Protein chains: 2
Amino acid sequence: MNIPKTSFPRIVIIGGGFAGISLAKKLNNKEVQVVLLDKHNYHTFQPLLYQVSTGGLEPDSIAYPIRKILKDFPNFFFRLAQVKEIKTGDNTLVTNIGNLEYDYLVMATGSTTNYYGNREIQLNSMAMKSIPQSLNLRSLILENFEQALLTDQYHEREALMNFVIVGGGPTGVELAGALAEIKKGILPKDYPDLDTRKVQIHLIQSGDRILKEMSEKASSKAEDFLEGLGVQIWKHTRVTGYDGKTVKTDTDTIFETATLVWAAGVKGAGIRGLDAKDVLARGNRIRVNEFNQVMDHDNIFAVGDVACMQTKDTPRGHPMMAQPAIQQGKNLGENLLRLLDNKPLKPFVYKDKGSMATVGRNKAVVDLKNIKFQGVFAWFVWMFVHLFFLIGFRNRMVVFVNWVYNYIRFDREARLIIRPFNRNYSAFKD
Amino acid sequence: MNIPKTSFPRIVIIGGGFAGISLAKKLNNKEVQVVLLDKHNYHTFQPLLYQVSTGGLEPDSIAYPIRKILKDFPNFFFRLAQVKEIKTGDNTLVTNIGNLEYDYLVMATGSTTNYYGNREIQLNSMAMKSIPQSLNLRSLILENFEQALLTDQYHEREALMNFVIVGGGPTGVELAGALAEIKKGILPKDYPDLDTRKVQIHLIQSGDRILKEMSEKASSKAEDFLEGLGVQIWKHTRVTGYDGKTVKTDTDTIFETATLVWAAGVKGAGIRGLDAKDVLARGNRIRVNEFNQVMDHDNIFAVGDVACMQTKDTPRGHPMMAQPAIQQGKNLGENLLRLLDNKPLKPFVYKDKGSMATVGRNKAVVDLKNIKFQGVFAWFVWMFVHLFFLIGFRNRMVVFVNWVYNYIRFDREARLIIRPFNRNYSAFKD
């Protein structure tokens, strides 16, 4: 892989998400060589992917070149690579661009969509975990309406204008809200020759409330907001199959739709060689101790979504969100430096900064430690926090301009089919 | 195609470029039915495509949804369609979404890359006439550097860092300048482990000067600018072949490169059924009279790049640029209304507003009727004019923010490989 051997120990980080980047920053200018591998050359700000899917933001403004984040870091190497296997016995990674030895390895591979083994749903549904996937969904939504104009078949047209979203977490809720706003504000103007009142948005949830990680107040308020926007919420309903036409559930209800968005679950993005049964916890996550160290592997660590640190407070590991990832990355950075100095390690302590979700214009829910609030003020807090955590001044400016424009004009202008999504062609689905 | 027959005459416009859009706007709110067909659902601001290729702008900010431009127009229909054939005898179009009858037909199909019959170059080179093509080029440029890091082979690395641009028109000049700025400002920081001083940018030109449509002063100043930036200009050199590795020319000079950008010519984008020998002029453009009417076809018109109006001042037709297209679209709009009112038509008179090209930061050349100037002021004029002609307030704002940022920071942040370009896969080339 053309990376020089130096006298410094080599730390290899797999993944440039929230965890990997915050870790790399901690290792800047220290006596280590850092190699970061990622299959993309950019960091993705995942919380805003739903706005890309719905034409509110350009993909480029929620992505940031990894090389730029880490420029001027001495002893730092980035490689665009896909890791195929970890040979823990030889301290070696096998990748699509060659092998790489490590002294320390950090898994920051994040999570991937969990279809719970349902191959049919995996093949026919849309996911929203990456920028290419979000762009595919954007194209499909727009193509559906172009297609609906062309058909004389009543049922086909209804199915094209019917959107089914599975999963009542923040992704599902935010996407459903955005679609509802498009239905109201944009479709009637864009498609005067189509009866867009027929557009239906269904949000399906297996449990008894949406946003189940948040407070009951937040859940019920979010439901009110969604219903006010015309989203149909289905609780206690589990989707069991989708053949590209009909959604089957474990109740009597079925849905005919051309678009099923699967936001019903994620699992750790594991790699061969670190996938023994005792290494993995629920949801394909890697068991780690309080220092994010993988059991029985002194020089391998895992941080972020892929790590499962089971503590008294988090019997199932920390929530698979940005905050635990960022905090674990920072703590591990400090611990790796302590380890090299032969100092005792500092156990990870999660500071819960609260959680939030947005449903639409002036409609968000925020749970902080001591206060929970909903509505207009929550929405401004949500926007401020997201702008703050975006990487890069230019991205913040461009996102801000878009949001102000969209707010004033009730609009979302990035509704472009730049790469048509061919629904029979699954090469770009991952 | 599900478009209702009304008592109004139906005008079908093929193409939503500068000509098609300016024509459609003139027909707003008149007693006609307008159907606009385009293979994309957006209008592309082609003069800024090179900034997309070089990471300076997001694709979304130089594209604009056609439906949004023409919303609230009564009796207006847009369809996302590819026209396969024109059956002039039946006044019917054959498209991929069905047939469509017209009362009046306007060809506003623009132009496409002209390879002058060289199939090898067509297969192996990159073009920059559409947003997908520009994104492919952006990906390829970035992938080349990632690849260059991985190889031990001296010649392969050199070829990956060698960029050959064919064609000394505005596209070639602007792209060469932008690449030179990337070489200087971005590559050394992004690729500290690569000797980016080895990057070469060659601009090849068959004639004796670049920007040959502009004044000699503009040409020579642009050459100075490019050479100052380190671009190698080759005049009197005609590229004859490229097998994906070696560029052959009609002189002794060859170039080994992984990237050949073909900006050496365009031709009218014709459609079967309107391609008889006497209909077409040089460069596959459709001969039209002074009313943009196609000879021997009273109800068919052509405007913009695809139209060749041979007059005393323009023996080869008007330049294939935005201004003639916009002006012809407007004039034809008025003429179609006159035609329906049985009034005499107004011949098209081209108002040459001048031309301009930019080479880089503070470096542009502007030729107006009475004054020609180059340098910083020309550059500001260039930026102002391009911002002014962009469609949409949001696009203008986002482009403005990007330009200010890029100017202050010497940066171009949209250097993201969102859809890797597989150089063996040509499906997205057109």
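In this predicted model, A:Trp379 is buried, since its relative accessible area of 9% falls under the 20% that marks the limit for that class. Its ring does not stand alone: A:Trp379 pairs with the ring of A:Phe380 in an edge-to-face arrangement, with 5.4 Å from centre to centre and 80° between the planes. The partner has another setting, as A:Phe380 has a relative accessibility of 42% and therefore counts as partly exposed. For a reader new to such descriptions, a pair of aromatic rings is characterised by how far apart the centres are and by the angle of the planes. The angle of 80° for A:Trp379 and A:Phe380 is over 60 degrees, and so the pair belongs to the edge-to-face class.

Over all chains, the structure holds 26 aromatic pairs. Another of them is found in chain B, where the ring centres of B:Trp382 and B:Trp403 are 5.6 Å apart and the planes meet at 35°, so this pair is tilted. The two residues come from distant parts of the chain, 21 residues apart: B:Trp382 belongs to helix 11 (residues 376-389) of chain B, and B:Trp403 to helix 12 (residues 393-409) of chain B. Both B:Trp382 and B:Trp403 are buried. Aromatic residues also gather in chain A, where A:Phe145, A:Phe163 and A:Tyr191 make up one aromatic cluster.

The next topic is the way the two chains are related. A turn of 180°, with a shift of 0.0 Å along the axis, lays chain B on chain A with an RMSD of 0.0 Å. This is the relation of a two-fold axis. Within chain B, the C-alpha nearest the axis belongs to B:Val398, at 2.9 Å from it. The contact surfaces tell a matching story: 98% of the interface residues of chain B are also interface residues in chain A, so the copies meet through the same surface.

Enclosed spaces come next. A search of the whole structure finds 11 cavities of 30 Å³ or more. The largest cavity holds about 170 Å³ of space. Its lining is made of 17 residues, and those nearest its centre are A:Leu135, A:Ile418, B:Leu135, B:Ile418 and B:Arg419. Helix 5 (131-150) of chain A and helix 5 (131-148) of chain B each give at least two residues to this lining. By residue type, the lining of the largest cavity splits into nine nonpolar, two polar and six charged residues.

The second largest cavity holds about 120 Å³. Of the 13 residues that line the second largest cavity, B:Thr54, B:Ile141, B:Leu142, B:Ile182 and B:Arg415 are the closest to its centre. Helix 5 and helix 8 (187-190) of chain B are the elements that give two or more residues to the lining of this second largest cavity. The largest share, four residues, comes from helix 5 of chain B. Here the lining divides into six nonpolar, three polar and four charged residues.

Two loop positions complete the picture. One of them is B:Val32, in the loop between helix 1 (18-26) and strand 2 (33-38) of chain B. With a relative accessible area of 2%, B:Val32 is buried. Apart from neighbours within four places in sequence, B:Val32 is in contact with B:Phe8, B:Pro9, B:Ile11, B:Leu27, B:Asn75 and B:Leu340. By comparison, B:Ala364 is 332 residues away from B:Val32 along the chain, and their C-alpha atoms are separated by 43 Å.

The other position is Asp296, which can be followed in both chains. A:Asp296 sits in the loop between strand 19 (286-288) and strand 20 (300-302) of chain A, and B:Asp296 in the loop between strand 19 (286-288) and strand 20 (300-302) of chain B. Most residues other than glycine have a negative phi. Against that background, A:Asp296 has a positive phi, near 65°, and phi of B:Asp296 is also near 65°. A:Asp296 is exposed, as its relative accessible area is 71%. B:Asp296, likewise at 71% relative accessibility, counts as exposed, because exposed means over 50%.

Conventions: Residues numbered from 1 in each chain as written. Chains lettered and ligands numbered in written order. Predicted model: local features only at pLDDT ≥ 70, side-chain atom pairs only at ≥ 80, totals over all residues. Heavy atoms only, no water. Buried < 20%, exposed > 50% of the residue type's maximum accessible area, 1.4 Å probe, protein only. Least-squares fit on C-alpha atoms with pLDDT ≥ 70 in both. Contact = heavy atoms within 4.5 Å. 1 Å grid on protein atoms, 1.4 Å probe; cavity = no way out; pocket = protein on both sides within 12 Å on 5 of 7 lines; lining within 4 Å. Points joined across faces, edges and corners; volume = space filled by probe spheres on them. Nonpolar A, V, L, I, M, F, W, Y, C, P; charged D, E, K, R; others polar. Phe/Tyr/Trp six-rings, centres within 6.5 Å; stacked < 30°, edge-to-face > 60°.
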